[in-house]
Amino acid sequence: KQSDVPKNKETHTGSLIEQLTTEKYECMVCCEVVRIVAPVWSCQNCYHVFHLNCIKKWARSPASQAEDGNSGWRCPACQNASTQVPKTYTCFCGKVHNPEWNRNEIPHSCGELCGKKRQGLDCPHLCNILCHPGPCPSCPAFVTKTCECGQTSHSVRCGQSTKIHCSNVCGNTLNCGKHSCTQVCHAGKCSPCQLIVHQVCYCGSNFKEVLCGTKEEFSDGFGSFSCQNICGKKLNCGRHNCMQVCHPQPCQLCPRLPQVVYRCPCGQTPLSKLLELGCVERKICTDPIPSCGKTCGKPLSCGSYELVHTCESLCHEGDCRPCSYTSNIYCRCGFKKKVTMFFVFFLTAAITFMCDKRCNKKRSCGRHKCNEVCCVDTEHKCTLVCGRKLNCGLHRCEEPCHRGSCQPCWQTSFDELTCYCGESVIYPPVPCGTQPPECKKPCTRPHDCDHPVYHSCHSEEKCPPCTYLTQKWCMGKHELRSNIPCHLTDISCGLRCNQMLKCGMHKCKRICHKGECLIDEECKQPCTIPRLYCNHPCMAPCHPSSPCPTTSCCAKVRYPEEIHRQILQIAAISIATKLTDLQLGDSVEISRLITKKEMKQARLQCDEDCLALQRNRRLAEALEIDDNSDPFNIRSSGPKYSDLLKEDARKDLKFVSDIEKEMRMLVEAVNKGKHTKKSYCYPPMNRDHRRIIHELAQVYGIESVSYDNEPKRNVVITAVKGKSICPSNTLTSVLDKETQSRPPPPIPHYKQADK
C-alpha cells in the first residue's frame with residue numbers, strides 16, 4: 001500500500017504530460033483541444049488544465065459563482081472556490097511568466113526544477129523533478145521517525161504517511177493521574193481509565209460507582225461529591241442539625257448561638273437594649289430570642305420592585321406567615337380570571353394560568369383547526385406535515401401543511417431510464433415520476449403462446465391479450481370453432497352439453513358449459529325406464545339406485561276412433577242422466593260425469609288384438625317366459641330402416657354405399673383397436689345427404705354432429721367402443737332383396753296396449 005500513492009500520482013502526472021504533448025487534452029469549458037502553444041491555467045486542487053481565456057470567461061459568468069456569493073468563483077471540474085481570477089500565463093510551478101515552447105521540454109513548463117512544497121504532508125523537502133503538470137510525487141528522502149509511544153525509532157521515507165508502531169506497552173499516565181496505559185504502542189491519546197471506584201458524598205448518606213478519573217469534584221478527605229440533600233450533621237452546639245445542602249466539611253456555626261445573635265428576630269432592635277429593659281440574657285442556643293414587640297415588617301416573597309408586601313405579624317422567630325392580600329389572575333388568552341391569595345399568585349407567577357377554551361380558528365393551511373387550549377397565537381401556523389401525494393405518485397409532501405398545490409417531487413434519479421427492451425433511453429438526471437420512454441420496437445417479453453407479436457414494447461408488466469385467430473374446441477368438446485382469438489379460453493358453441501350424467505341414464509341438457517354438469521346436485525330428469533304393464537316411461541325423478549315407484553301412469557293415450565266413439569257414448573248417457581239435476585237448479589261437476597262404477601258397467605268390448613294379447617300372456621306364464629326377453633329373435637332380427645331413408649337410398653345408391661362402407665370401417669377399427677373413440681369427418685355436403693348420414697349413424701350406434709355454417713357445413717361421426725355395432729343387413733342389401741323378390745308377410749309383433 002505504501003507504493004500505491006506515488007504510483008497513482010505519477011500515473012496522473014504522466015497521463016497529463018502525454019495528452020498535452022500529443023495535443024489530445026480537451027478544455028472542459030470550450031471542449032476544444034489544448035494546443036502546445038496556447039496559454040493555459042491549471043487548477044492547484046484537481047490539476048485540470050484549461051485555456052486561459054476560457055477560464056477568465058468562466059470566472060466572470062454568474063454560473064461560476066459560489067453559493068454564498070462571497071467565496072469567489074468555482075472550478076468547473078472540482079468546484080473548489082477561488083477568490084482571484086487568473087490574469088497571466090505562467091508555467092506549472094509558477095516561476096516563469098509566458099513560458100516559451102521547447103520541443104525537448106514538457107509543454108507549458110519552464111524546464112527548471114519544480115521546487116513546490118508537497119501538499120498534505122509534513123515534509124520539509126521541496127519537489128525535485130522538472131516543472132510538471134499534476135501533483136508532485138512522494139518525497140524519496142529517508143528520515144528517522146519515532147513510534148507512537150516514543151520508545152523506539154525507525155528510518156522510513158519522508159513521504160510515507162503510515163504511522164510506526166512498536167511492540168512495547170505504552171505506559172503513559174492516564175487521565176486519572178493514578179494509573180498507567182496498558183495498551184501496546186498506539187496512535188492518538190490513551191483511552192480513559194476503566195477502573196471502577198466507589199465515591200461517598202460529603203454528608204456520607206449516598207454512594208456511587210464511577211470510572212476512575214471521571215465525575216470527581218472537590219474532595220474534602222471524606223467525600224467526593226454533593227448528593228444535593230440536606231446535610232443533617234450535628235452542629236458544634238450539639239443540639240441543632242445542619243440545614244445546608246450537602247457540602248464539604250466543616251459545617252457552619254449554629255446560627256442561634258448567643259455569640260452569633262445580636263438582634264431580635266425582626267432585626268429592628270439590638271438585644272443590648274432589650275437586656276436593659278429587663279429581658280433575660282441568653283446562655284445557650286436553645287434559649288428563646290427576645291422579641292421587641294414591634295411589627296415584623298420583613299418583606300415577603302410575594303412582593304415586587306413596585307409593590308413590596310411586608311409581614312404584619314409581631315416580631316417572631318421562624319418564617320413569616322403567607323401574605324393576606326388577594327389578586328386577580330387572568331388566563332393567557334384573557335377569557336377567564338381567578339381571585340387568589342397574593343402569595344399563591346407569586347408562587348404561580350412562572351406558571352401561566354390557562355383556561356379550557358379551545359381555539360376554533362383555521363390554521364394557516366386552511367385545512368385544520370387550531371384546537372389549542374387558551375390560544376394566544378395570532379398567525380396560527382400549522383405544525384402538521386402536509387402528507388399529500390406528490391405529482392410523481394410515489395412520495396408524499398414532507399413540508400409543513402400549506403395552502404395550494406404541493407411543490408414538484410424534488411427527488412431525481414441519476415440512472416438511465418430505459419424501456420423494457422432497452423432501445424429507448426432517457427438520460428439522467430431523470431425527475432421522479434417520469435414514465436419510461438415510448439418504444440416502437442416489437443415487444444420482447446416472454447408470452448404464453450408462440451404466435452407472432454403485433455404490439456410494441458411497453459412498460460406495463462402484463463402484455464395485451466393475444467388476438468391471433470386460432471381454432472379451439474368448445475368447453476363441451478362439441479365443435480372445433482374457427483377464428484377464435486388466442487386469449488379466449490372458455491368458448492361455448494351454443495349446443496346442448498349432451499354428456500352422460502352420473503346417474504348413467506340421462507344426458508346433460510344445459511347449453512355447452514365449463515366444468516362438471518352436476519357438482520353438488522342430483523339428477524332430477526324424469527326416469528325413462530318402461531313400466532311393467534303399460535310400457536310407458538316411469539317419469540318419476542331420476543332414481544338410479546332404487547326401483548321405480550308403484551304409481552299410476554299419467555301418460556296420455558290416443559285411442560282408436562271406435563274406442564273413442566264408445567267412450568263418448570258412455571259420457572253422453574251419463575250427461576243425460578244428470579240433466580234432471582240441472583233443471584232443478586243444482587250444479588254438476590263435469591270431471592265426475594263417468595264414475596268408476598259406470599266404467600265397470602259400461603266396459604269396452606275387446607277386439608282381436610286384445611284376444612291375441614291375452615292368449616300370448618297366458619302362454620308366456622305357462623312357459624315361464626319373460627315379457628322383456630326375445631327368444632325367437634323377432635325384435636332384433638335386423639335393423640329397421642325408415643321408408644324415407646329407403647327412398648333416398650334408391651335415388652343415390654352409390655352415395656349410401658360409400659357412407660355405409662366408411663361407417664363399417666370406423667366401427668371395426670374402434671372395436672379392434674386400443675382407443676375407445678374414433679372420429680371421421682365428411683366433406684361439406686347438402687342438407688339431404690347430411691340427413692342420410694344422421695339416420696344411418698343411429699342404426700350403427702354412432703354419434704353424429706354437424707359443424708360450420710352453410711355452404712361449408714359438414715358432418716363428423718364418432719364411433720364408441722362397445723356401443724357402436726355393424727348391423728347384419730346393410731341398407732343396400734335390404735334394397736337388393738326387396739327388388740329381387742316380394743317381401744315376406746310381416747311377423748306379428750307382441751303389442752301391449754293400455755286398456
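The protein chain of this predicted model has an average pLDDT of 80, and 83% of its residues score at least 70. Confidence varies among its elements: strand β2, residues 49–51, has the highest mean pLDDT, at 93, whereas helix α6, residues 596–601, has the lowest, at 49. Two stretches of the chain also deserve caution. Residues 1–7 have a pLDDT below 50, and beyond near neighbours in sequence this stretch makes four contacts in the model. Residues 632–637 likewise have a pLDDT below 50, with nine contacts in the model beyond near neighbours in sequence.

With these limits in mind, the description may follow the chain from its N-terminal part. Helix α1 spans residues 4–21 and strand β1 spans residues 40–42; the loop between these two elements contains Glu23. The backbone of Glu23 is notable for a phi near 55°, which is a positive value in a residue other than glycine.

The next topic is the interior space of the model. One cavity of 30 Å³ or more is counted, and the volume of the largest cavity is about 30 Å³. Its lining brings together residues from several parts of the sequence: Ser42, Cys43, Gln44 and Tyr47 take part, as do Phe92, Lys116, His132, Pro133 and Gly134. By character, this lining of the largest cavity comprises four nonpolar residues, four polar residues and one charged residue.

Further along the chain there is a β-hairpin. Strand β7, residues 196–200, and strand β8, residues 207–211, run antiparallel and are joined by five bridges. Within this pairing, Val197 has Val210 of β8 as its bridge partner. Six residues separate the two strands of the hairpin, and in the turn Gly204 adopts a positive phi of about 80°.

A cis peptide bond then calls for attention. Pro428 and Pro429 are joined by such a bond, with omega about 0°. Pro429 belongs to the loop between β13, residues 425–426, and β14, residues 430–431.

The C-terminal part of the description centres on a sheet and the helices that accompany it. Three strands form an open sheet in the order β17-β19-β18, with antiparallel pairing. Its edge strands are β17, residues 677–681, and β18, each of which pairs on one side only. On average, neighbouring strands of this sheet are turned by 20° against each other, direction being ignored. Strands of a sheet pair through backbone hydrogen bonds, in either a parallel or an antiparallel manner.

Each of the two pairings can be examined in turn. The antiparallel strands β17 and β19 are joined by five bridges, and Lys677 stands opposite Val720 of β19. Helix α9, residues 653–672, packs on the sheet and touches β17 and β19, its direction making about 160° with that of β17.

On the other side of the pairing order, strand β18, residues 703–707, runs antiparallel to strand β19, residues 714–720, and five bridges join them. In this pair, Asn714 of β19 is the bridge partner of Tyr707. A second helix, α10, residues 687–700, lies across β18 and β19 and runs at about 160° to β18.

What, finally, marks the backbone between β18 and β19 in their hairpin? The hairpin has six residues between the strands, and Asp708 takes a positive phi near 65°. The loop between β18 and β19 also holds Pro711. The peptide bond that joins Glu710 and Pro711 is cis, with omega about 5°. The connection between β18 and β19 thus contains both Asp708, with its positive phi, and Pro711, whose peptide bond with Glu710 is cis.

How values were computed:
Residues are numbered from 1 along each chain as its sequence is written. This is a predicted model: local features need pLDDT of at least 70, side-chain atom pairs count only at pLDDT 80 or more; totals for chains, interfaces and linings use all residues. Side-chain values use heavy atoms; hydrogens and water are left out. Two strands pair if DSSP finds at least two bridges between them. Helices (H or I, at least four residues) and strands (E, at least two) are DSSP runs, numbered from the N terminus. On a 1 Å grid over the protein atoms alone, a cavity is a set of points where a 1.4 Å probe fits but cannot get out, and a pocket is an open set with protein on both sides within 12 Å along at least five of seven lines; lining residues have an atom within 4 Å of a point. Grid points are joined across faces, edges and corners, and a volume is the space filled by probe spheres set on the points. Ala, Val, Leu, Ile, Met, Phe, Trp, Tyr, Cys and Pro count as nonpolar, Asp, Glu, Lys and Arg as charged, and the others, Gly among them, as polar. Axes are lines fitted to C-alpha atoms, for helices over the stretch in contact, and angles run from 0 to 180 degrees between N-to-C directions. Contact means heavy atoms within 4.5 Å. pLDDT is the predictor's confidence in each residue, from 0 to 100.
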